[in-house]
Structure formats: C-alpha cells, structure tokens
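Visitor: I am new to this structure. Please pick one part and take a close look at it with me. Go step by step.

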Amino acid sequence: MSTVTPESHSEKSTNKKDVGLPDGFVGDVETLEAQGNAHFNRLGWKRLTVVLLVEAIALGALSIPSAFATLGMVAGVITTVGLGLVAIYTSYVVGQVKLKFPEVAHYADAGRLIWGRFGYELIGAMFALELTFLVGSHCLTGAIAFGNLTENGTCSLVFGVVSAIILLLLAIPPSFADVAILGYIDFVSIMAAIGITVIATGITFGKSTHVVDWSAWPKDDITFVDAFIAITNIVFAYSFAVCQFSFMDEMHTPKDYVKSIWSLGLIEIFIYTLTGSLIYAFVGPDVDSPALLSAGPLMAKIAFGVALPVIFISGSINGTVVARYIHGRIYKNSVVRFINTKKGWTTWLLLISVITIVAWIIAEAIPFFGDLLGIMSALFISGFTFYFPAIFWFQLIKEGKWYEKKNLFLSVVNALVFCIGMIVLVAGTYSTVVDIKRQYNDGTVRGAFTCAPL
C-alpha cells in the first residue's frame, strides 16, 4: 500500500510525462500500479515488530542510564515502566485509528480527520521535522562513535559528513519490508552494544576499591530543569508511535498490529529498565550520555564498533519514512509514487539527499546528545506519543458521550495521557532551552560547525 487514499488508487494517471514513462508505452501504467501495490503490501506483524524495534530501540537506550543518575533508581524505574505502559496504550489507539480509517497512511492523514486541512499541514510539518531531527541525532551519534573509535583522529565535521553519507545510502530502499531484513542486524547490534557496556561497567565495578555512589533517590542538587531533561530522555525512548501509521500502511493484515505493539512495548520496558538500572548501579552519578562512553576507553571503542549498525540502520529508516511521506504527497495521483520508474527513482534519490543534508545541519547546529533528544521529545514526541492519541480517542474512537458508563474509565485515562503530553511539551521545551543556554554560558559544549571533538 502506498501513501495515498483509496480514491487516489482508482485515479490512474495516463499522462506519460507525469508517470515517467517514455512515449510509445501503452497500458503499462496499470502494470506498474499493480507491481507497486504488491511491493508495498508485504509487511506482516513479525516484520512490523522488527521495523518498530529498529526505529525505537536505538539512541533511546543509550540515554536511559544518565536519566537514572538524575532521577535516582526508584523514580527512574517507575518513570521508565510507567511511560512504557502509556506508550503501549497510545500505540494501541493509533492502531485503532488505522483500522477504522484505512486511508490513513501517515500521521498527518490522521490530523486531517480531526482538524481538516489545518491538522493535516500542522501534523505533517511536525512529522517531517521530528523524523529529520531523528536522522540528525543519529548523524551526531555516528560522529561521536567515529571520534571515539579513532581517538578524534580528524575533524569532527568530517565524521559528521561520513555519517550522513552512510545514512543516505541505507535510506535508499523505499520499502519497509526490505528494511526489516536489516532490522535483524540492527537488533543484534544494539543488544550486543548494551551487553558489552553492562558487562564492562560491571567488571570495572567489581574490581573497584571504592563504593559506587548510586542512590535510590534523586541527586541532592537536582533542579527542575535537570529532572525534566531526564524525563524527556526517557520519553524519547518510547517514540515508536510516530512511524506506526506509515508502517501499518504496508501490512497485509493490519489487525495483527496488536501483537507487534505488545511485543515491542514489553521488550522496550525490559531493556530500558535493565540497562538504566544496571549501568547506573555500576557507574554511579557520573554515567555518560550516550552510555557507551561509560564502558572505559577500550570497551567504549568495542561497544561503539558493535553499535555502528544500529546507529545507521535505525537512523536511516527515519529518513525513509519522512521521504515516503513527502514523495507520496508530491505524486499522490501518479504511478511515480511507487518509485518503480526512472522519474520515481530520480526524485526519490534527490529527496532523501536533501533530507540527509538538512539532518546533518541539525546535528552540527545542536552538537550535544542529551539536549537534542530533549528538544525532540518536548516538541514532537509529546504529541505523537501522548496528546495526539488521546485526542484521537475522544474524537475518532469513542462512541457515545465521554461520561457514559462504558466510556468513563477510558475517558479519564485519555485525559491523563493528554495532560502528560502537555506537561512534557511545555516543561520539556522550557527545560531544554534553559539547559542549552546554560551549557553555552558555561562553555561545556563545543561550538556549532567546528572541528572540535564531540
């Protein structure tokens, strides 16, 4: 299935210039339409779980231990498990919207259902920005990894460019079913990197003669800004709902999505809680973000080397999703949208190139890992994971009055979810801006677009 409504499937374009076919071809538009629909309708629930894992369990896992160091073990565990359960529920709501309105191919289409053209454009802009920022965060992490592996052997700008090129190349396959194949490598990569970090920090802790000063409670000098940046880093780890409409649009049996959501959500909660608690317990309040930096010089290099596939595969799929959305909008009523013609491939390659360049600029302009994740969580994930699904339930899923007996419990639940989203939006944005300003004033981060080590 592609990024169009059912109506546009029936509008077969006969203009050869529009579809990228040379003169003299007769009847091939229908063939290309059939091939395109078959190619983009191959995703089962197991592969959906894989692509969701690829999109979700990457940078998020690397930011959790530092969040535990700020919030303390008790609040860290409660927040990680609690937000994970909320994310599972809101993703369930997103899936319900897709089943009820099969024409919804991307998050922006759901925005049209509740607010018309305004909602479509607003959420579409947020969708494109969020995914481009995600590609930028992976570009930044790739530069950090290369710098660590080579002991900053060259200008960090060069590492950023190399990371961007790799992300571009991996984003070329337009079908999510194809990406799922790389997803198995991706999942093994992040699990191995986390495992190496946990084991390395555990061995260091075992050999250490001093007691690691981890605490069950928040750090003594914690500020509102510190606490909320930690919370936004955990929110970021549960950002899979942003791509769910796009992935489900390629499923051959969309109703099976529930299996994927529960599988992904429980796996994430387990991995994040275990990673955050163990690494924080072994390293203490000085744990780094990304957490791989806490494994010691040699083991950090090994962990970053093992993590390279997840850094780039997970990053590239976000570029693919946003490019599919934009490409589908441009060629809504043309066979070019299936990217199986010369014109389709040309415009596809141009589009992912532009997205990758913009992502690289973002990575260089905001060269600090934790706050870049915080910005994305506050401005975008607060909506995609929390307050938008709550609105969907009230306006698209609920049947009858909100205060009816059958709806009352879920009305309260969705109202609370909406409030969580609003709090993350307002408090998270404020905290991140304050922290960025503080870091620049203190000189604790490098400048933008410089060769200084990350």
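Guide: Start with a term. A disulfide is a pair of cysteine sulfur atoms within 2.5 Å. In chemical terms, it is a covalent bond between the sulfur atoms of two cysteines. Keep in mind that this is a predicted model. The structure holds 1 disulfide. Its partners are Cys155 and Cys451. Their sulfur atoms sit 2.0 Å apart, which is within the 2.5 Å cut-off. The angle about the S-S bond is -85°, and the link is left-handed.

Where do the two ends lie? Cys155 is in the loop between helix 7 (107-149) and helix 8, and Cys451 is in the segment after helix 16 (405-442). The two positions are 296 residues apart in sequence, so the bond ties together distant stretches of the chain.

Is each end buried or exposed? Cys155 has 16% relative accessibility, so it counts as buried. The cut-off for that is under 20%. Cys451 reaches 45%, so it is partly exposed. Two other cysteines can be set beside them. Cys243 is buried, at 0%. Cys419 is partly exposed, at 41%.

Stay in the loop that holds Cys155. Glu151 also lies between helix 7 and helix 8. Glu151 is exposed, with a relative accessible area of 58%. Its backbone deserves a look as well. Most residues other than glycine have a negative phi. Glu151 has a positive phi of about 55°, although it is not a glycine.

Now turn to the helices on either side of this loop. Two packed helices are described by the angle between their axes and the distance between the axes. For helix 7 and helix 8, the axes come within 8 Å and cross at roughly 125°. An angle of that kind makes the pair oblique. The crossing is right-handed. Which residues meet there? From helix 7 come Val135, His138, Cys139, Gly142, Ala143, Phe146 and Gly147. Helix 8 brings Ser156, Phe159, Gly160, Val162, Ser163, Ala164, Ile166 and Leu167. By class, this contact has 9 nonpolar residues, 6 polar ones and no charged ones.

Helix 8 has another partner. Helix 8 spans residues 156-170, and helix 13 spans residues 297-330. Their axes are 8 Å apart, and they pack at an angle of about 55°. Helix 8 and helix 13 are therefore oblique to each other. Their crossing is right-handed. On the helix 8 side, Ser163, Ile166, Leu167 and Leu170 take part. They meet Ile311, Phe312, Ile313, Gly315 and Ser316 of helix 13. Here the count is 6 nonpolar, 3 polar and no charged residues. Ser163, Ile166 and Leu167 of helix 8 appear in this contact and also in the contact with helix 7.

Follow the chain past helix 13. Ile339 lies in the loop between helix 13 and helix 14 (342-365). Ile339 is buried, with a relative accessible area of 3%. What does Ile339 touch, beyond its neighbours within four places in sequence? Its contacts there are Pro174, Arg324, His327, Gly344, Trp345 and Trp348. Ile339 can also be placed against Gly328. The two are 11 residues apart in sequence, and their C-alpha atoms are 9.7 Å apart in space.

Go back to the far end of the disulfide. Cys451 comes after helix 16, and helix 16 packs against helix 6 (residues 73-100). These two axes are 12 Å apart, at an angle of about 115°. That makes helix 6 roughly perpendicular to helix 16. Helix 6 passes helix 16 in a left-handed crossing. Val86, Tyr89 and Thr90 of helix 6 meet Leu410, Val413, Asn414 and Val417 of helix 16. This contact has 5 nonpolar, 2 polar and no charged residues.

Last, step back to the whole chain. There are 16 helices and 0 strands. The chain has 454 residues, and 56% of them count as buried. Take the contacts with a separation of 6 or more. Of these, 84% join residues 24 or more positions apart. The disulfide of Cys155 and Cys451 links parts 296 residues apart in sequence.

Note on methods: Residues are numbered from 1 along each chain as its sequence is written. This is a predicted model: local features need pLDDT of at least 70, side-chain atom pairs count only at pLDDT 80 or more; totals for chains, interfaces and linings use all residues. Side-chain values use heavy atoms; hydrogens and water are left out. Axes are lines fitted to C-alpha atoms, for helices over the stretch in contact, and angles run from 0 to 180 degrees between N-to-C directions. Helices (H or I, at least four residues) and strands (E, at least two) are DSSP runs, numbered from the N terminus. Angles under 35 degrees count as roughly parallel, over 145 as roughly antiparallel, 65 to 115 as roughly perpendicular and the rest as oblique. A crossing is left-handed if the near helix is turned anticlockwise from the far one by less than a right angle, and right-handed if clockwise. Contact means heavy atoms within 4.5 Å. Ala, Val, Leu, Ile, Met, Phe, Trp, Tyr, Cys and Pro count as nonpolar, Asp, Glu, Lys and Arg as charged, and the others, Gly among them, as polar. Buried means under 20% relative accessible area, exposed over 50%, partly exposed in between (1.4 Å probe, protein chains only).
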